[in-house]
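Biologist: I'm new to this one. Can you pull it up and walk me through it?
Modeller: Sure, here it comes.
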Amino acid sequence: MEIVDQHVKSIMEGCKERARDKGLQFEDETLEYIVTNRDLLELSPKVMIPNLYDYWVHDVRVLSGKGKYELYPDNPYETVINTRPAISFYNDNNPDWLNVMIFYHVLSHIDFFQNNLFFQHTWEYDFEGQALSDKRLIARYRSEKGRWVDYLIEFSRGLDNLVGYHDTVARTITPAPRRMERIDYYFDIFLQKEKKVSSNTYLKEIARYNTLQKSETYTNDSFFIDVIHKYPEFDALYRKRLKAKEHPRPDVMQYILEHSTVLKKEENSWMKSVMEVVRNTSLFFQPQIRTKIMNEGWASLWHEILFMEDDRIRGHETNFAKVNAGVTAMPKVGLNPYALGMRLFYHIWEMEDRGCYSLDYFLLRDEMKRENFNDPRNSGRGLIFNIRENLCDFTFINKYIDQEFMNRHKLFVTGTRINRHRMSMEYYVKSRSAEDYKEMLTNTLYHPPRIHVDHEKTQKGPLYLIHTFEGKALKTDFIENTMIGIEFLWGEPVRLETWEHVKASAPHQIPGNFWDPVVPKTPESKPDEELVWKRFLYVMENRKLHKREI
Amino acid sequence: MITLDELLERDRKREEDGFKKKIRIGRIVKPGKGGREKIVVVPTTVEDKFVHDEPLVDPEGEGEPTGGTGDGEEGDVIGEAPIRPSEEEGEGEGEGPGEGGGGEHEMESNAYELGKVLSEDFQLPNLTDKGKKRTLAKFVYEMTDKHRGFGQILDKKSTLRRIVQTNIALGRVPDFYNIDTSGFIISPRDMIYRILSKEKAYESQALVFFLRDYSGSMGGKPTQTVVSQHVMIYSWLLYQYEKQVETRFVLHDTEAKEVDDFYKYYSYKVAGGTKVVSAYRLVNQLVEAENLARDYNIYVFHGTDGDDWDTQGKEAVGELETMLEYAARVGITIAEHRYTRANQTEVEKYIRASGLLEKKSTLLKLDVLKEDSDDARIIQGIKKLLS
């Protein structure tokens, strides 16, 4: 792995100037490295972060990646990571014109990382630097605790998709709520809710406060001296209250970190650090998974626009067209996030320029009038910049894929079914409606299950997890090992309440034709397999899993 | 960089610490025509988390939808892919000599590695009757080797080339376009002969028939389980017989057919019903017609989900009896569906009812496992089938 030479770097700097002229915003400093395919194979299990902590699963991935590369060699054009400065990786020996195209693509990714609000919690620090110190921390623990560090990583990673990502983002975007003052807590909560004092006593306290406040020498402390004298527990309750406000909705990992009996022990404090490392790493990557279509679409849009206007690469338009088509062509069957995102951005740009996101347009029912509608606003460019700042894949798709977009690009949902007569798998046009297409796309998006801790039930006994019903069951193969890990971290038994789609009763095996069982069963004669949703409780105790219906 | 052995060693330590093993030996198969597919052995692992399961897909119905672009009305078919392999596929391909061996060898060497890992790391049993019945190799004498100085037949072309070389070196060929051969010096060491030499001729010892049910009900996990087990058995036999293993692959639904390479065996599926007897009959016919029983130790491994339209199994048991007369081992694997009750599949019932498991207990083995069994269970199954 080595840094690019001065010639290539000067191409990059030229790209930066031109990209800035078009309105992209990114920090001045970037780092570009040339990597071999071997480097890439070793980096990709670490999500391209060179300094990510060592873990044996990464090694397994590297070995299987090498095996796969032997059979199916494949090199990406570029990879860019959201660090400060942003680091990107390239193949050696790219021609200059190709570098120009790739650099524009990379710069647009960096613009996206540094402006999309879903990334805001990653803006304040350099993840690569953080990762390096985490890696050293874990290496130190490993020298002390041996393979138990790896178990800790394993069990923490078993929970790392249940991190409260949206809460984290919400906290960085919305201003921090006013810190509750001691005096407010005393009058608004402590006296009224905790102590439930009579109105008479309450009014007397207010009167006492008011008199004291008028005196010249008043400080808060002089008032609270008497309070603490009367209620010695006051300060402890106040502090507890403040702390509770810090994580109004703790995710499963946070809850375990705060309340686990195992982690509370002095000698186990290292476990907490390991869990924190895993949790923060996961939080760092969350926005990337949730903005794939937008991020790739945005980068493809700008590399196309910027490349075509770049004066340095005249004469390479056909080469560009070929590579660009490979990246951004819509497949006949299947999905390509680069192509889809790019077309959607172009579409929005054009629709907004024509003023189509308006009530007038909405009220038009005539197809021809809709097609010819033009209320020039010239605000499309502004809108897509706004979208790249404020939306994620789900909102992007949900809000902007409309029938016009479907028709323009002849999009449809592809279905597959078996044709028994021809003994073939048929691909057919299942639907051309925007709603169906959105639903199909939404189903491909990253969406971890929603699982939270029931605090009240947990206080009475084992850790009680509840999986919120969203019409999907958990993968049952993974439940046991995940719960073994949670039990280890929690130190006591764990319960999980979830839903499963099960057959109402065991199916009967009936031959299609009673007299001649060799005749193939026709689909009609198949036994009715009625699936019903049932609630199950999994209990993990002493590394044994039990399951029962509730 | 950590090696596979170190990873497996670490995995064994997990058991000491009271956790389950996590590393599986995975296989990546790349299709190739005419038995020249490549298999690369890699370790794999999954990280267990709470994740959403894929919705239950009816193996014979509608698949998961995806995106698409282009013309066509709703409902129009835009393409199709065959699910039953065509008969002509993979045949008549110009497979020239000198090329045919390479790919195959690659697969074998990797599978051999896997067999080694299985034998050593998973403590699979060693074969007891290995190599006792027949010699591994015999020798023949051929006139293929060349020798300088003496031998049986003079190789004129090589000799002449040698003489010219020597004379050029001695500076006796001043003009390449007008060579005077009469001035050549001929040394006895320049004479090249063909010489009688001893050649090893390998003889295969084991012939393995892999039979697999590829009917509609086998889709997904049962197939994966059966195929994983068969790959491992194959690899292990390869190791045990020092690569002297021949394999034949048979797929069956209501009819049986032989396919010529592992990739087809691995990947084909159809949506038909099941008649186990068809496969057994085909194996018996092949053995009879090619007189295989005389030359080989014959192993037959059959993988199915236990479904059979012939619920009594009269014919199948009959064919099985014939097979047991010549086979060194018949191993039947039943990968039960999650929803069936244990030990209630047709195949299992009629095989148990036939009493063959007791009468021929050294020859016939049955392993019944769930369709979603892990590697450890599959390997345990192999131990059972081979014990």
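Biologist: What is the handedness of the crossing of α4(A) and α15(A)?
Modeller: Right-handed. Keep in mind that this is a predicted model.
Biologist: At what angle do the axes of α4 and α15 of chain A cross?
Modeller: Roughly 135°, and the axes come within 8 Å. α4(A) covers residues 96-115, and α15(A) covers residues 292-309.
Biologist: So what do you call α4(A) relative to α15(A), then?
Modeller: Oblique, because the angle is roughly 135°.
Biologist: Which residues make the contact?
Modeller: On α4(A), they include A:Val100, A:Met101, A:Tyr104 and A:Phe112. On α15(A), A:Trp298, A:Trp302, A:Leu306 and A:Phe307 are among them.
Biologist: How many of the residues in the contact of α4(A) with α15(A) are charged?
Modeller: None: the contact has nine nonpolar and five polar residues.
Biologist: New topic. How many residues of chain A are in contact with chain B?
Modeller: 67 residues of chain A, with 58 residues of chain B on the other side.
Biologist: Which element gives the most to that side of chain A?
Modeller: α3(A), with 10 residues. The elements that give two or more residues also include β5 (411-419), β6 (424-431) and α25 (476-490) of chain A.
Biologist: And how do the residues on that side of chain A divide by class?
Modeller: There are 32 nonpolar, 16 polar and 19 charged residues.
Biologist: Which strand of chain B do bridges join to β5(A)?
Modeller: That is β3(B), residues 66-69. Four bridges join the two strands, which run antiparallel. One bridge partner in β3(B) is B:Thr66, opposite A:Thr414.
Biologist: Back inside chain A. What is the strand order in the open sheet of five strands?
Modeller: β7-β8-β9-β10-β11, with mixed pairing. The edge strands are β7 (451-453) and β11 (544-549), and each pairs on one side only. From one strand to the next, the twist averages 30°.
Biologist: Do β8(A) and β9(A) pair in the parallel or antiparallel sense?
Modeller: Parallel, over four bridges. A:Ile466 has A:Glu497 as its bridge partner in β9(A).
Biologist: Last one, chain B. How many helices and strands does chain B have?
Modeller: It has 11 helices and 13 strands. Of its 387 residues, 35% count as buried.
Biologist: What about contacts in chain B between residues at least 6 apart in sequence?
Modeller: Of those, 76% join residues at least 24 apart.

Definitions and conventions:
Residues numbered from 1 in each chain as written. Chains lettered and ligands numbered in written order. Predicted model: local features only at pLDDT ≥ 70, side-chain atom pairs only at ≥ 80, totals over all residues. Contact = placed C-beta atoms within 7 Å. Nonpolar A, V, L, I, M, F, W, Y, C, P; charged D, E, K, R; others polar. Pairing = 2+ DSSP bridges. Axes fitted to C-alpha atoms, helices over the stretch in contact; angles between N-to-C directions. Parallel < 35°, antiparallel > 145°, perpendicular 65-115°, else oblique. Left-handed = near helix turned anticlockwise from the far one by under 90°. Buried ≥ 20, exposed ≤ 12 C-beta atoms within 10 Å, placed from the backbone.
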